[in-house]
Amino acid sequence: PLAPEEAFSLSALMVDDYTLMVRWDVEPEHYLYRDKLGLTVTSDLIQLGSVNWPTGKSEFDEHFGQVEIFETPTEIRIPVSRASREAGSLELIATYQGCSEEYGICYPPGTRTLLVAVDEASTVAQGLASTGSLQVSEQDKLAQMIKSGSLPLVIATFFGFGLLLAFTPCVLPMVPILSGIIAGQKGEPTARRSFILSLVYVLAMALTYTIAGVIVAMLGQNVQAMFQNPYVLIGFSLVFVALALAMFDVWQFQVPVALQNKLNAAGSGGGYAGVAIMGTLSALIVGPCVAAPLVAVLIFIGQSGDAVRGGITLFALSMGMGAPLLVYGATAGQLMLKAGGWMEVVKRLFGIMLLGVAIWLLARILSPRTILALWTALALGAAWAFGLFVKNNLLVFRAAAVASLVYGLAMGASAIMGGNDPLHLTRGTPFGEKELHLEFRKVASVEELQQAVAESAANGKATMLDFYADWCVECIKMEKEAFSDPAVHEALRDTVVLQADVTKNDNNDQALLKHFGIYGPPTIAFFDKQGNERRNFRVVGYMDREKFADHAARAVAD
């Protein structure tokens, strides 16, 4: 039998300034598995665009079932983005596996590395910014910074990004969780113990998020998506409801004693191990959102394999997200220490906040109108928590109770009239403005996507692909804010808009994400009129409507 490198020879070269050609030569009586082929590069200069493999021959394989194979030489052309126009080189790493029909053997998975020369670019690529510098996606810039920057600077920078992410909708729900832990302590809360509890919670969250991130980058498995199924979300929501009931002193009426003791030990008044468990679960289920700094770390780990430097960066990012929680935890402890007679109101308020987290989690699986009804009930409950019916109540609490009552009644009226948004009460009602919505064509597999992009290219149109999931908070925000903006619709007027719903995280969803090297939604990819992805315009995380309208207009421009 031939050696693998003889049976499947590999060659690569830059056929123009912005296109890499890769060719597999397959000897007769041999074949390659299409789904076992992979290409990555390590370069300060070049980033690969989307690799669109050609369709192979369909065969039934005794080892892998129904597969696609390549029996003849296979050539692919891959668009690339460049950090600059200067000359250099790139290291191409190819993975493959194939078999020999002549001898009836299959080769083990292999890896081949080639060094490809990159000449100085004589032309300017699509995506040139108005400043004259080449457009490079934010996540690619940050990934390059992790690779080449000094480690102290990288740690400080990503700690700063973590501070910014701490105020996103995915991280803010950790505030009431931590509040419930502190308020549920047995005995008199002290500032010192509150801070220690906060530190244990944040360290557990940061360590879990770091470990999960490294696993995602190394194995390509979206760990967080596994925890977004209805059973997990309902179970975790019930935990928050149970903790909220503890704030209202109704354990004995709602929860068996055995379960009460376990929950008390786990999250409200127990040992540090229980608090660490809550921090771990919060990292996996509650947040943080997919954003450019996070994806940059995952790209770096995936391409370089340097889990140590990547893990340190991820930990810095996580601690940045947790830093405001440490300040809040110590402050909350001080508040409760000095509260005196207010303590009951404070505890009830934390109970309401925990119920809010439960509703926030259930919003990923329940209809918007149902969730609005739950927010209505919570607002009315908040009016009670602030002492609406308490005589001689403090003025500030009385004002908060009345405000909660009025807002709750307004949300209830909105829900009755068809409303679906607690922050925009007229949305969905007869009094709301008619909303614009992008008419997405759904794609559920790599094959459907390739067909849709090919059809767009045949019609001379650019394409936008949106990765969406029901459990993705930032995806819903993009739907409501950016995708309903008239300027965005105008920018995408002659563009085919596709959407891949990866809510189920099934095999097709995972294949789509893996095909693009995407770690989770929201992520938006743009394709030119020839069907090539303009990777340097890829959007990761939420982008406000004005910025996205401008970005989309440039991404689909000729």
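## Exercises on a predicted model: salt bridges, sheets and surface

At 28% relative accessibility, glutamate 71 counts as partly exposed, and this residue opens the first exercise on what is a predicted model.

**Exercise 1.** Identify the side chain that meets glutamate 71 in a salt bridge, and state which parts of the chain the pair ties together.

*Solution.* The partner is lysine 57, whose side chain meets that of glutamate 71 at 3.3 Å, N to O, and this distance satisfies the limit of within 4 Å that a salt bridge requires. Lysine 57 lies in strand β6, while glutamate 71 lies in the loop between β7 and β8 (74-82), so the pair ties together parts that are 14 residues apart in sequence. As to exposure, lysine 57 has 40% relative accessibility and therefore counts as partly exposed. The structure holds 14 salt bridges.

**Exercise 2.** Place strand β6 in its sheet, and explain why one side of β6 is left without a neighbour.

*Solution.* Begin with the order of the open sheet, in which five strands follow one another as β6-β7-β3-β10-β11 with antiparallel pairing. Because β6 (57-61) and β11 (105-106) stand at the edges, each with a single partner strand, one side of each has no neighbour in the sheet. Next, consider the pairing of β6 with strand β7 (residues 65-70), where five bridges join the two antiparallel strands. Within this pairing, aspartate 61 has glycine 65 in β7 as its bridge partner.

**Exercise 3.** Carry out the corresponding analysis for the open sheet that contains β4, β9 and β12.

*Solution.* The three strands are ordered β4-β9-β12, and their pairing is antiparallel. Here β4 (38-42) and β12 (110-118) are the edge strands, each having a single partner strand, so that one side of each lacks a neighbour in the sheet. From one strand to the next, the twist averages 25°. Five bridges join β4 to strand β9 (residues 88-96), the two running antiparallel, and threonine 40 has isoleucine 93 in β9 as its bridge partner.

**Exercise 4.** Determine which elements are tied together by the salt bridge between arginine 441 and glutamate 455, and classify the exposure of both residues.

*Solution.* The side chains of arginine 441 and glutamate 455 meet at 2.9 Å, N to O. Arginine 441 belongs to strand β13 (residues 441-442) and glutamate 455 to helix α16 (residues 446-458), so the salt bridge ties together parts that are 14 residues apart in sequence. With a relative accessibility of 37%, arginine 441 is partly exposed, and glutamate 455, at 34%, is partly exposed as well. Salt bridges that share partners also join Arg23, Asp25, Glu75 and Arg77 into one network.

**Exercise 5.** Describe the nonpolar surface patch that includes Leu366, and locate leucine 366 in the chain.

*Solution.* The patch is formed by Ile234, Leu238, Ile365, Leu366 and Leu374, which together have about 380 Å² of accessible area. Leucine 366 is situated in the loop between α13 (343-362) and α14 (368-385). Its relative accessible area is 36%, so leucine 366 is partly exposed, and this value meets the requirement of over 30% for membership of a patch.

**Exercise 6.** Summarise the protein chain as a whole in terms of its elements, burial, contacts and exposed area.

*Solution.* The chain contains 20 helices and 17 strands, and 52% of its 558 residues are buried. Among contacts with a separation of 6 or more, 73% are between residues 24 or more positions apart. Finally, the chain exposes about 25200 Å², of which carbon and sulfur atoms supply 61%.

Terms used
Residues are numbered from 1 along each chain as its sequence is written. This is a predicted model: local features need pLDDT of at least 70, side-chain atom pairs count only at pLDDT 80 or more; totals for chains, interfaces and linings use all residues. Side-chain values use heavy atoms; hydrogens and water are left out. Patches are made of residues with over 30% relative accessible area and no salt bridge: like charges are joined within 9 Å, nonpolar side chains (Val, Leu, Ile, Met, Phe, Trp, Tyr) within 5 Å. Accessible areas come from the Shrake-Rupley method with a 1.4 Å probe; for residues, only the protein chains shown count as cover. Helices (H or I, at least four residues) and strands (E, at least two) are DSSP runs, numbered from the N terminus. Buried means under 20% relative accessible area, exposed over 50%, partly exposed in between (1.4 Å probe, protein chains only). Two strands pair if DSSP finds at least two bridges between them. Contact means heavy atoms within 4.5 Å. Axes are lines fitted to C-alpha atoms, for helices over the stretch in contact, and angles run from 0 to 180 degrees between N-to-C directions.
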